[in-house]
Structure formats: structure tokens, C-alpha cells
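User: I am new to protein models. Please take me through this one step by step.

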Amino acid sequence: MTQTIRVNYYAQLREALKRDSEDVTVALPARERDILDRLAELHPRQRDLFLASRIAVNEDYVDARDLFNDLKRVDVISPISGG
Amino acid sequence: MTDSTGADVFLSPAPLDRDALRAEVSDPAAGAILLFEGTVRDHSEGVSGVVALEYEAQASMAGKIIAAIIGETAREIPVRKIAVRHRLGRVELGDPTIIIAVSASHRDEAYRASRRVIDRIKHEAPIWKREILKDGTSGWSKGCTAHSAEEARESHNEN
């Protein structure tokens with residue numbers, strides 16, 4: 001099964017991709033790594049950045065072991081540098 | 001302790017007011033008030049000539065995470081109050097980027113709580129900074145991969 005999800009980008013990923021969000025079709029069920037791999041496949045020049053990123057669902061970081069059967073929106077959290 | 005949530009409580013596009021944060025944690029039972037202030041420095045790893053930083057955040061998520069960090073720290077370490085403000089937008093050289101105010105009965109708890117809060121914010125809150133250099137160029141700070149709250153708790157366990 002595939003589903004189209006809204007993917008939100010911030011900071012260096014938003015700038016590199018020249019967009020703050022996009023709709024992406026992903027195969028479900030999927031784990032965090034599957035989603036990041038799919039995004040890296042769509043944007044191979046940003047592969048390293050995607051693979052260093054985390055996914056948040058409903059504004060919570062997901063666990064790498066979580067398996068998602070239904071997704072509407074994810075936030076891609078590239079390496080952070082607050083403080 | 002501060003129990004408010006929301007990005008507007010913890011993230012500020014305006015200059016930070018250290019007197020206001022100190023007042024927020026003032027408590028007659030406190031024998032120590034500690035203010036930690038992170039500031040813009042003129043360099044980072046392999047980079048010199050930094051004149052300003054520009055911060056952005058996934059603001060609602062960062063607000064929720066900072067609120068959780070404050071709440072969890074206050075449950076784990078016996079402090080009186082904790083207040084946090086983090087800047088957004090452009091911050092000039094030498095100016096504060098974050099202030100953490102902690103009041104506690106004794107200094108040890110205040111130091112431990114302050115350290116816990118800054119470490120967890122740096123590893124969990126979705127906040128990014130761009131370094132602005134004096135030649136006019138800029139670049140995103142390398143940063144670190146965000147931890148989950150659980151991972152951060154494990155990596156910052158002081159016991």
C-alpha cells in the first residue's frame with residue numbers, strides 16, 4: 001500500500017530543496033529509516049543530510065523501531081544546533 | 001516551576017531580558033539563583049569571523065520539548081523554579097542566545113538542573129542556527145543529530 005504524506009522541511013534542508021514542504025508517496029508500513037531513504041531517493045544530492053536527520057510525527061520524534069501504517073504529515077528534523 | 005507550554009513562552013524574537021528571567025524564578029525558599037547565558041562567539045569549529053547568528057525553529061515542537069525538559073528536570077532534581085528563553089532571528093556578537101534561570105534551596109541542585117536543561121535543549125529541541133560571517137557570507141552550523149527524549153535522558157544521566 002502507498003500513501004501520500006505531507007513532508008515539512010526546515011533550515012538547511014528547506015534551503016537546499018528550495019521548498020518548505022512537499023507531498024511524497026511512500027510505501028506503508030514504514031519505519032523512520034524507510035521514509036528517510038525514500039526522501040534521499042527523491043533528492044539524492046541531499047542524501048547525507050537526510051540520513052543524518054530525524055522524523056517527527058505529531059511533533060514527537062519517532063522511535064527508529066516504530067512501524068507506521070498510516071501517516072498524514074511528517075517533519076524532517078535535520079541536525080539541530082540550538083543553544 | 002514554570003508549567004506554561006507553547007513556543008511564545010520559551011522562544012523569543014526579541015532580545016532576552018535576564019532581569020525578567022531572574023524575577024520569574026525568585027522564590028523565598030531559594031538559597032541559590034543561577035543564571036546561565038549562552039552568547040554569540042566570534043568563531044566555531046573551523047570557522048572564524050562570526051559576527052552574528054540567525055536562529056530558526058520548528059517553533060511549536062521546540063516549545064513543547066522545552067516545556068517537557070523543564071518539567072522532567074524539576075521532577076528529577078529538587079529545584080524551586082526553572083525559566084528558559086531561547087532567541088529566534090538574528091543575534092549579534094556577544095548577545096545572549098539563551099538564558100536559563102534556576103532557583104533552588106542549594107547551589108548544587110541549581111548547577112545540576114541548569115546543566116541538564118541546556119544539554120537536553122541542545123540535543124532535543126528542533127532549533128537551528130546560521131553563522132553570519134564578517135565577509136557577508138553565511139552557513140548553517142553543523143549541529144548534531146537530534147536525540148529522542150529517552151535517548152537524551154540516558155546520555156545525560158548524571159548518576
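User: Which residues have the most contacts inside the largest nonpolar core?

Analyst: This is a predicted model, where local features need pLDDT of at least 70, side-chain atom pairs count only at pLDDT 80 or more, and totals for chains, interfaces and linings use all residues. Residues are numbered from 1 along each chain as its sequence is written, while chains are lettered from A and ligands numbered from 1 in the order in which they are written. A nonpolar core is a set of buried Ala, Val, Leu, Ile, Met, Phe, Trp, Tyr and Cys residues joined through C-beta atoms within 7 Å. The largest one has 58 residues, and those with the most contacts inside it are B:Ile66, B:Ile82 and B:Val102.

User: Which element gives the largest share of this core?

Analyst: Helices (H or I, at least four residues) and strands (E, at least two) are DSSP runs, numbered from the N terminus. One such run gives seven residues to the core, the largest share. That element is helix 3 of chain B.

User: Which residue stands opposite B:Ile82?

Analyst: Look at strand 6 (residues 79–87) and strand 8 of chain B, which pair in the antiparallel sense over seven bridges. Two strands pair if DSSP finds at least two bridges between them. Opposite B:Ile82, in strand 8 of chain B, stands B:Val102.

User: Which residues does B:Val102 touch?

Analyst: Two residues are in contact if their C-beta atoms, placed from the backbone, lie within 7 Å. Leave out residues up to four places away in sequence. Then B:Val102 touches B:Val25, B:Leu34, B:Val79, B:Ile82, B:Ala110, B:Ala113 and B:Ser114.

User: Which strands are the edges of the 1-6-8-2 sheet in chain B?

Analyst: This open sheet has four strands and mixed pairing. An edge strand here pairs on one side only. The edges are strand 1 (11–12) and strand 2 (32–39) of chain B.

User: At about what angle does helix 3 of chain B run to strand 6 of chain B?

Analyst: Helix 3 of chain B lies across strand 1 and strand 6 of chain B. Axes are lines fitted to C-alpha atoms, for helices over the stretch in contact, and angles run from 0 to 180 degrees between N-to-C directions. The angle to strand 6 of chain B is about 160°.

User: What is the average turn between neighbouring strands in the 7-5-9-10 sheet of chain B?

Analyst: This is an open sheet of four strands with antiparallel pairing. Its edges are strand 7 (89–92) and strand 10 (138–140) of chain B. Direction ignored, neighbouring strands are turned against each other on average by 25°.

User: Which residue is the bridge partner of B:Glu54 in strand 7 of chain B?

Analyst: Strand 5 (residues 50–57) and strand 7 of chain B run antiparallel, joined by four bridges. In strand 7 of chain B, the partner of B:Glu54 is B:Arg90.

User: In what order do the elements of chain A run?

Analyst: Chain A has three helices and five strands. Start at the N terminus and read on. The order is β-α-β-α-α-β-β-β.

User: Which residue stands opposite A:Asn8 in strand 5 of chain A?

Analyst: Strand 1 (residues 2–8) of chain A runs antiparallel to strand 2 (residues 21–27) of chain A, with seven bridges. There, the bridge partner of A:Asn8 is A:Ser21. Strand 1 of chain A also pairs with strand 5 (residues 73–77) of chain A, in the parallel sense over three bridges. In strand 5 of chain A, A:Asn8 stands opposite A:Asp75.

User: How many residues does each chain give to the contact between A and B?

Analyst: On the chain B side, helix 3 (59–76), strand 8 (96–104), helix 4 (107–124) and strand 9 (127–133) each give two or more residues. The totals are 25 residues from chain B and 16 residues from chain A.

User: Is B:Thr145 buried or exposed?

Analyst: B:Thr145 sits in the loop between strand 10 and helix 5 (149–155) of chain B. It touches A:Ala52, A:Arg54 and A:Pro79. A residue is buried if 20 or more other C-beta atoms, placed from the backbone, lie within 10 Å of its own, exposed if 12 or fewer, and partly exposed in between. B:Thr145 has 14 other C-beta atoms within 10 Å, so it is partly exposed.
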